[in-house]
Amino acid sequence: MNVAKLFSPKQNCAVKVIDPRRNPRRAVRFSATVAAKNGLADGVVTNISETGCDLRLVTSSFLKRYLSLKLFSRDGLALTIYPYDGTPAFKITLAVIRWAKRKWAGVEFVKLSQEAREKLQQLCQ
């Protein structure tokens with residue numbers, strides 16, 4: 001039996017590639033302030049799109065004793081993002097954590113002002 005024939009692609013067979021992200025992400029390094037029901041923390045946005053971002057919490061050793069913000073999937077939070085490109089800071093009124101691992105999280109933007117939406121569009125172009 002020809003093994004190569006078993007694993008060769010069939011003719012005229014459509015292949016669908018699924019990407020779970022609705023919008024492409026742009027690699028960035030923006031400071032952020034994170035507010036959740038269980039605390040406050042500083043963070044860094046490591047990539048961003050018009051609909052979400054990757055977020056990493058950052059705390060100094062002094063603040064670790066006082067800030068105990070933990071990230072859990074499906075938790076809501078508010079973000080203030082401070083871009084370094086001259087764009088003024090903007091606030092995401094409600095964001096939902098879609099996945100979390102230690103101090104990292106994938107965040108979906110749920111509620112934001114029209115002004116914040118326009119700033120996101122500018123940043124992501």
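# Asking the barrel for its evidence

Me: I'm looking at strand β5. What is the bridge partner of Gly 76 there?

Reply: The partner of Gly 76 in β5 is Val 96. Please keep in mind that this is a predicted model.

Me: What makes β4 and β5 a pair of strands?

Reply: Two bridges are enough for strands to count as paired, and β4 (residues 76-82) and β5 (residues 90-101) share 5 of them, in the antiparallel sense. The pair therefore passes the cut-off of at least two bridges.

Me: Where do these two strands belong in the overall fold, and in what order do the barrel strands run?

Reply: They sit in a closed barrel of 6 strands, in the order β1-β2-β3-β6-β5-β4, with antiparallel pairing. From one strand to the next, the twist averages 45°. The whole protein chain has 3 helices and 6 strands, arranged from the N terminus as α-β-β-β-α-β-β-β-α.

Me: How do you know that β2 pairs with β1, and what about β3?

Reply: The bridges tell us. β1 and β2 are antiparallel over 9 bridges, and β2 and β3 are antiparallel over 6. At least two would do, so both pairs qualify. The β1-β2 hairpin has 2 residues between its strands, while 3 residues join β2 to β3 in a hairpin. Val 45 of β2 stands opposite Phe 30, and in β3 its bridge partner is Leu 55.

Me: Why is β2 called mostly covered?

Reply: In β2, 7 of the 10 residues are buried. In the protein chain of 125 residues, buried ones make up 33%.

Me: Why is the pair of Phe 30 and Tyr 84 called edge-to-face?

Reply: The ring centres are 6.4 Å apart and the planes stand at 70°. Centres within 6.5 Å make a pair and planes over 60 degrees apart make it edge-to-face, so both tests are met. The structure holds 1 aromatic pair. Phe 30 lies in β1 and Tyr 84 in the loop between β4 and β5, so the pair ties together parts that are 54 residues apart in sequence.

Me: Is Phe 30 buried or exposed, and is Tyr 84 buried or exposed?

Reply: Phe 30 has a relative accessible area of 6%; buried means under 20%, so that residue counts as buried. Tyr 84 reaches 58%, and exposed means over 50%, so that ring belongs to an exposed residue.

Me: How do you know that Cys 53 has no disulfide partner in Cys 124?

Reply: The sulfur of Cys 53 is 9.9 Å from its closest cysteine sulfur, in Cys 124, which is too far for a bond. A disulfide needs the sulfur atoms within 2.5 Å, so this pair fails the test. A search of the whole structure finds 0 disulfides. Cys 53 is buried at 0% relative accessible area, whereas Cys 124, at 22%, counts as partly exposed.

Me: Which residues have the most contacts inside the largest nonpolar core?

Reply: They are Val 45, Ile 48, Leu 79, Ile 81, Ile 92, Val 107 and Phe 109, in a core of 25 residues. At least two residues each come from β1, β2, β3 (52-58), β4, β5, β6 and α3. In soluble globular proteins, nonpolar side chains tend to be buried together.

Me: What does Val 107 touch, leaving out residues up to four places away in sequence?

Reply: Its contacts include Leu 55, Leu 79, Ala 95, Val 96 and Cys 53.

Me: Which strands does helix α3 lie across?

Reply: Helix α3 (residues 114-124) lies across β1, β2, β5 and β6, running at about 65° to β5.

Conventions
Residues numbered from 1 in each chain as written. Predicted model: local features only at pLDDT ≥ 70, side-chain atom pairs only at ≥ 80, totals over all residues. Heavy atoms only, no water. Helix = DSSP H or I, 4+ residues; strand = E, 2+ residues; numbered from the N terminus. Axes fitted to C-alpha atoms, helices over the stretch in contact; angles between N-to-C directions. Contact = heavy atoms within 4.5 Å. Phe/Tyr/Trp six-rings, centres within 6.5 Å; stacked < 30°, edge-to-face > 60°. Buried < 20%, exposed > 50% of the residue type's maximum accessible area, 1.4 Å probe, protein only. Core = buried A, V, L, I, M, F, W, Y, C linked by side-chain atoms within 4.5 Å.
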